[in-house]
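Work through the following exercises with the sequence and the model side by side. Try each task before reading its solution.

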Amino acid sequence: MTKRPLRESPGRIRSLLNFVGGRFVDGGTPFDILNPATGAVHAIAYEADRAIIDTAVAAARSAIDGEWGRMPLAKRRALLARVADLIEARFDEFLEAEIADTGKPHTLAHHLDIPRGAANFRVFADAIANMPAETFEMDTPDGGKAINYAVRKPLGVVAVISPWNLPLLLMTWKVAPAMACGNAVIVKPSEETPSTTTLLGEVMNEAGIPAGAFNVVHGFGPNSAGELLTSHPGVRAITFTGETRTGTEIMKAAAPTVKALSFELGGKNAAIVFDDADIPAAVTGLARAVFLNTGQVCLAPERIYVQRGVFDAFVAGMKAKAEALKPGLPHDSGVDLGPLISAGHRAKVLGYYALAVEEGATVVTGGGVPKLDGPAADGFFVQPTLWTGLPHDARICREEIFGPAAAIIPFDSEEEAIALANDSEYGLAASIWTTNLSRAHRVGQAMEVGISWVNCWFLRDLRTPFGGAKMSGIGREGGHHSINFYSEPTNICIKL
Ligand code: NAD
């Protein structure tokens with residue numbers, strides 16, 4: 001019988017079971033899921049063991065060999081569109097589950113996380129229908145002709161390993177194209193944020209997705225569900241979003257069975273503000289970029305290079321924005337700054353706050369923990385923080401912090417700004433602020449990153465390529481780039 005893990009009465013601890021072959025299954029070792037805004041346990045998830053992972057891989061395989069694999073494309077697209085409709089129909093359940101796991105402000109999850117979860121299914125249901133086929137006619141040695149055409153096929157069982165910062169959004173960004181291509185997926189959500197992925201299991205059943213096409217296994221990374229999945233011989237591809245260091249471990253696990261890999265990894269993103277920029281717009285745009293989701297966005301700039309003539313005005317503007325942010329519980333009115341995801345992550349971010357001072361920073365604002373009353377007093381909050389005076393080679397300017405913090409550094413020339421921005425082992429995103437059209441193109445193209453924004457940040461058309469250069473990733477997803485990764489062509493050559 002299908003259990004409904006997220007339908008318990010409000011206030012009770014929810015039980016998040018593994019979802020395998022279209023059913024919520026018993027088994028696994030329980031672990032606590034905390035609400036980071038209060039530090040209280042709000043759910044129990046069950047860490048999948050080897051037997052559960054094996055069953056999930058077998059269920060996924062039999063879905064591909066069965067009804068899911070044989071389903072006509074039009075029906076597959078209709079079912080995925082239905083998944084999007086059902087996420088919208090159950091919007092509030094997804095919203096509350098996401099808020100409970102992440103502690104993020106209600107308005108943020110309402111406007112960003114849940115709508116994008118639904119949109120991902122619609123975008124890729126369309127993308128798969130608009131993928132052109134490749135055809136070449138050739139001359140043969142005997143003076144005749146042959147035609148070649150390529151048909152795209154699913155890869156097979158795809159493991160989706162997702163992080164905690166935008167749980168539903170980033171997980172569906174990979175599940176939707178993988179399923180649109182006809183693969184069966186096994187998702188391992190972050191151990192911090194498993195609720196919305198579990199709820200999606202219910203939605204898949206409700207939409208009529210055949211059993212085994214979508215599976216969820218809970219647990220941790222090393223020596224747990226993550227590693228069991230990424231090293232499993234039955235898994236053909238791994239699509240991963242998370243830290244660069246984790247990516248290197250997953251590559252090792254995937255190597256013996258030569259799995260296809262798509263990696264969206266960490267960043268140490270730069271923003272550049274030229275003295276010809278609209279400075280109030282740059283302040284508004286970059287304050288949002290640094291502090292949105294409490295800085296827990298892979299694309300957030302943590303290094304802001306500002307041309308010397310506008311440096312003081314920019315720093316003053318950013319300081320005012322940071323100090324206007326209101327931390328607190330997700331549903332409290334006016335709250336626009338949530339907690340960090342965990343006590344462990346807060347300790348790491350506060351470690352960087354201390355390091356910045358050791359490395360000679362001037363603390364423009366923040367640098368500690370806000371004083372909050374009531375249940376939020378036990379949440380994992382930090383102050384939004386800005387530094388000046390750091391040398392470019394400081395660790396603060398090189399290592400990903402993943403918190404609401406940025407170093408602001410002056411520059412003099414365009415060449416210098418480009419060199420500083422590119423001097424990083426990461427290459428995910430850049431945000432450039434200028435009113436000079438030629439400079440916008442020149443600097444945008446000079447960035448060694450997967451995406452350069454000009455006079456904006458985080459503006460996403462889901463058809464465009466997305467991914468990271470250097471140690472920020474492998475491959476590109478988005479639109480037909482996703483279809484290219486989640487399917488592979490077989491070329492058929494016919495002598496005429
Ligand atoms: P993480 O790497 O710690 O964990 C991500 C996922 O990997 C989790 O589900 C975790 O359980 C799993 N995992 C960990 N070790 C594993 C192993 N050895 N084998 C298999 N699975 C393993 O990342 P996080 O802390 O959840 O997320 C924050 C990081 O994600 C940041 O570095 C951020 O920049 C990055 N990120 C990148 C993008 C992007 O699009 N490039 C988007 C969001 C987040």
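The exercises below deal with confidence, a helix, salt bridges and two sheets.

This is a predicted model, in which local features need pLDDT of at least 70 and side-chain atom pairs count only at pLDDT 80 or more, while totals for chains, interfaces and linings use all residues. Residues are numbered from 1 along each chain as its sequence is written, and side-chain values use heavy atoms, with hydrogens and water left out.

**Exercise 1. Find what pLDDT the chain averages, and where pLDDT stays under 50.**

Solution. Begin with the term itself: pLDDT is the predictor's confidence in each residue, from 0 to 100. The chain averages 96, and 98% of the residues score at least 70. Next, look at residues 6-10, over which pLDDT stays under 50. For this stretch the model has 11 contacts (heavy atoms within 4.5 Å) beyond four places in sequence.

**Exercise 2. Compare the expected span of helix H7 with the distance between its end C-alpha atoms, then decide whether H7 is enclosed or not.**

Solution. Helices (H or I, at least four residues) and strands (E, at least two) are DSSP runs, numbered from the N terminus. The expected span of a helix is 1.5 Å times one less than its number of residues, so the 13 residues of H7 (residues 195-207) should span 18 Å. The end C-alpha atoms of H7 are 19 Å apart, which agrees.

For the second part, note that buried means under 20% relative accessible area, exposed over 50%, and partly exposed in between (1.4 Å probe, protein chains only). Because 11 of the 13 residues of H7 are buried, the helix is largely enclosed by the rest of the structure. Among the buried residues are Ser 195, Leu 199, Glu 202 and Ala 207. After H7 comes Gly 208, which has a positive phi, near 90°.

**Exercise 3. Determine how many salt bridges a search of the whole structure finds, and describe the one between Glu 323 and Lys 319 and the one between Arg 463 and Asp 461.**

Solution. A salt bridge is a side-chain nitrogen of Lys or Arg within 4 Å of a carboxyl oxygen of Asp or Glu, and the search finds 26 of them. In the bridge of Glu 323 with Lys 319, the closest N and O atoms are 3.1 Å apart. Both residues lie in helix H11 (residues 311-324), four residues apart, about one turn of the helix. Glu 323 is partly exposed at 46% relative accessible area, and Lys 319 is partly exposed at 31%.

Turning to Arg 463 and Asp 461, their side chains meet at 2.7 Å, N to O. Here Arg 463 counts as exposed, at 62% relative accessibility, whereas Asp 461 is partly exposed, at 33%. Elsewhere, salt bridges that share partners join Arg 90, Glu 93, Glu 202 and Glu 206 into one network.

**Exercise 4. Work out the strand order of the open sheet of three strands and of the open sheet of seven strands.**

Solution. Two strands pair if DSSP finds at least two bridges between them. The sheet of three strands has the order S6-S7-S23, with antiparallel pairing. Strands S6 (135-139) and S23 (487-495) each have a single partner strand, so one side of each is left without a neighbour in the sheet. S6 and S7 (residues 145-154) pair over five bridges, and Met 138 stands opposite Ala 146 in S7.

The sheet of seven strands has the order S15-S16-S17-S14-S13-S19-S20, and its pairing is mixed. At the edges are S15 (362-365) and S20 (451-454), each of which pairs on one side only. S19 (residues 429-433) and S20 run parallel and are joined by four bridges; the bridge partner of Ile 432 is Val 454 in S20.
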